[in-house]
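Reader: I'm new to this one and would like to go through it slowly. Could you walk me through it while I look?

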Amino acid sequence: MTQIISRQVRLAARPEGRPGPEHFRIEEHPLPAPQPGQAVLQTLYMSLDPYMRGRMSAAKSYAKPVEIGAVMEGGTVSRVLESHHPDFAAGDIVLSHTGWQTHAVADAAGFRKLDPKVAPVSTALGVLGMPGFTAYSGLLTLGQPKPGETVVVAAATGPVGSAVGQIAKIKGARAVGIAGGPEKCAFLREELKFDAAVDHRAPDFAEQLKAACPDGVDVYFENVGGAVWEAVFPLLNPFARVPVCGLIAQYNSSAPPPGPDRLPGMMREVLTRSLTIRGFIQSEFTAQRPAFLREMAQWIAEGKVRYREDVVEGLDKAPEAFVGLLEGRNFGKLLVKLAD
Ligand SMILES: NC(=O)c1ccc[n+]([C@@H]2O[C@H](COP(=O)([O-])OP(=O)(O)OC[C@H]3O[C@@H](n4cnc5c(N)ncnc54)[C@H](OP(=O)(O)O)[C@@H]3O)[C@@H](O)[C@H]2O)c1
């Protein structure tokens, strides 16, 4: 095989606050020769996810940061160009984790073969991938929605939030979505059939949310934190469950929010209302993955779960698209398409 050059986005510097183009650099490097057990891949789709902001920082977290100068990490859907692993052949489409680059050589042991006849292969990065699994495992294991209960979720048009609301409805609960702007709210009500949708940018957001939850909130699936959390917290019913999945409103913060310390008052409410607030990382529920793939594929086939993708074309667009994701400029699962 002729020498393949991989075009890559590498981490140039660690951002303080909002990332910008200066924190990334694009380079081209020849691929190394594949070893036994490895495969040569061409990236078709790259996933852009909020967790990548954490990987740009050296702060202690559940996963190691991307080193300065290293290729940005992330999930990918790739075509196998050359295989040195018995389970994969040239032409296979696989779920891989090769990051922000056009081509890679990687250990094939972690690949999952994708069948384009079952679902568009891009869904392996969204509704049928890590974000969909996060919604499924976090909501069902920790949120435990019951028929008639109210489930609230923010970032509700994204891959995690949209699945949370639709699974809540499958379980007989009322789904209330929070999203940025009237277009996203209309999509939640009209396309995803949420019972209500509230725009967190509206000046009377807290009042609108209260009106949308006349019986209070039994499950709040926390994706956002910040002002949204402050509006939801007073509405939580006794014994409400709060799976803490993400805090995207805080990911670009470099200082604590201004104002008085609200933690003592909040802890008093946790006690007197018997609230359960539980953080999680989806990888702790890996054993549920086969059940997720089976159930989610069926819900999609039955039209009970719908999804929306926001596809950007070309590797060079990735940094700008990623910065936009942290500010709500994406509308649906954000993907970068690199090849057909
Ligand atoms: N714990 C885990 O294992 C795990 C796994 C995957 C994802 N997550 C978390 O799940 C959350 C959603 O992820 P996703 O992939 O589905 O992302 P996403 O919804 O596609 O994108 C993030 C969305 O967050 C919203 N947002 C950003 N800043 C906000 C703010 N200040 N206030 C309110 N909303 C804001 C924006 O939507 P609007 O325009 O609607 O505001 C933006 O589109 C993230 O917090 C992510 O870190 C956690």
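**Salt bridges and the ligand**

Author: Let us begin with one pair: in this predicted model, the side chains of Asp195 and Lys169 meet in a salt bridge, with N and O 2.7 Å apart.

Reader: Where do Asp195 and Lys169 lie?

Author: Asp195 is in the loop between helix 4 (182-190) and strand 10 (196-199), while Lys169 is in helix 3, so the pair ties together parts that are 26 residues apart in sequence. Asp195 has 36% relative accessibility and counts as partly exposed, and Lys169, at 29%, also counts as partly exposed.

Reader: And how many salt bridges does the structure hold?

Author: There are 17 salt bridges in the structure. Another of them joins Glu28 and Arg7, whose side chains meet at 2.9 Å, N to O. Because Glu28 lies in strand 2 (residues 24-30) and Arg7 in strand 1 (residues 5-11), this pair ties together parts that are 21 residues apart in sequence.

Reader: Which residues are linked in a network with Arg7?

Author: Arg7, Glu28 and Asp316 are linked in a network of salt bridges. Arg7 itself counts as partly exposed, at 28% relative accessibility.

Reader: What about Arg55, which forms a salt bridge with Glu73: buried or exposed?

Author: Arg55 counts as buried, since its relative accessibility is 11% and the cut-off for buried is under 20%. Its partner Glu73, at 24%, counts as partly exposed. The closest N and O atoms of Arg55 and Glu73 are 3.3 Å apart, and the pair links distant parts of the chain, with Arg55 in helix 1 (residues 51-55) and Glu73 in the loop between helix 1 and strand 4 (76-83), 18 residues apart.

Reader: Switching to the ligand, which residues come nearest?

Author: Of the 27 residues around the ligand, the nearest are Lys184, His200, Tyr251, Gln282 and Asn330. The residues of this shell divide into 16 nonpolar, nine polar and two charged.

Reader: What are the polar contacts like at Tyr251 and Gln282?

Author: For Tyr251, an N or O atom of the side chain is 2.7 Å from an oxygen atom of the ligand, whereas for Gln282 a backbone N or O atom lies 2.7 Å from an oxygen atom of the ligand. At Phe280, a polar backbone atom is 2.9 Å from a nitrogen atom of the ligand.

Reader: How much of the ligand's accessible area does the protein cover?

Author: The protein covers 92% of the 920 Å² of accessible area that the ligand has on its own. The elements that give two or more residues to the shell around the ligand are helix 2 (130-143) and helix 3 (159-170).

How values were computed
Residues are numbered from 1 along each chain as its sequence is written. This is a predicted model: local features need pLDDT of at least 70, side-chain atom pairs count only at pLDDT 80 or more; totals for chains, interfaces and linings use all residues. Side-chain values use heavy atoms; hydrogens and water are left out. A residue is near a molecule or strand if one of its heavy atoms lies within 4 Å of it. A polar contact is a pair of N or O atoms within 3.5 Å; within protein, one must be able to donate a hydrogen and the other to accept it, and residues adjacent in sequence count only if both atoms are side-chain atoms. Accessible areas come from the Shrake-Rupley method with a 1.4 Å probe; for residues, only the protein chains shown count as cover. Helices (H or I, at least four residues) and strands (E, at least two) are DSSP runs, numbered from the N terminus. Ala, Val, Leu, Ile, Met, Phe, Trp, Tyr, Cys and Pro count as nonpolar, Asp, Glu, Lys and Arg as charged, and the others, Gly among them, as polar. A salt bridge is a side-chain nitrogen of Lys or Arg within 4 Å of a carboxyl oxygen of Asp or Glu. Buried means under 20% relative accessible area, exposed over 50%, partly exposed in between (1.4 Å probe, protein chains only).
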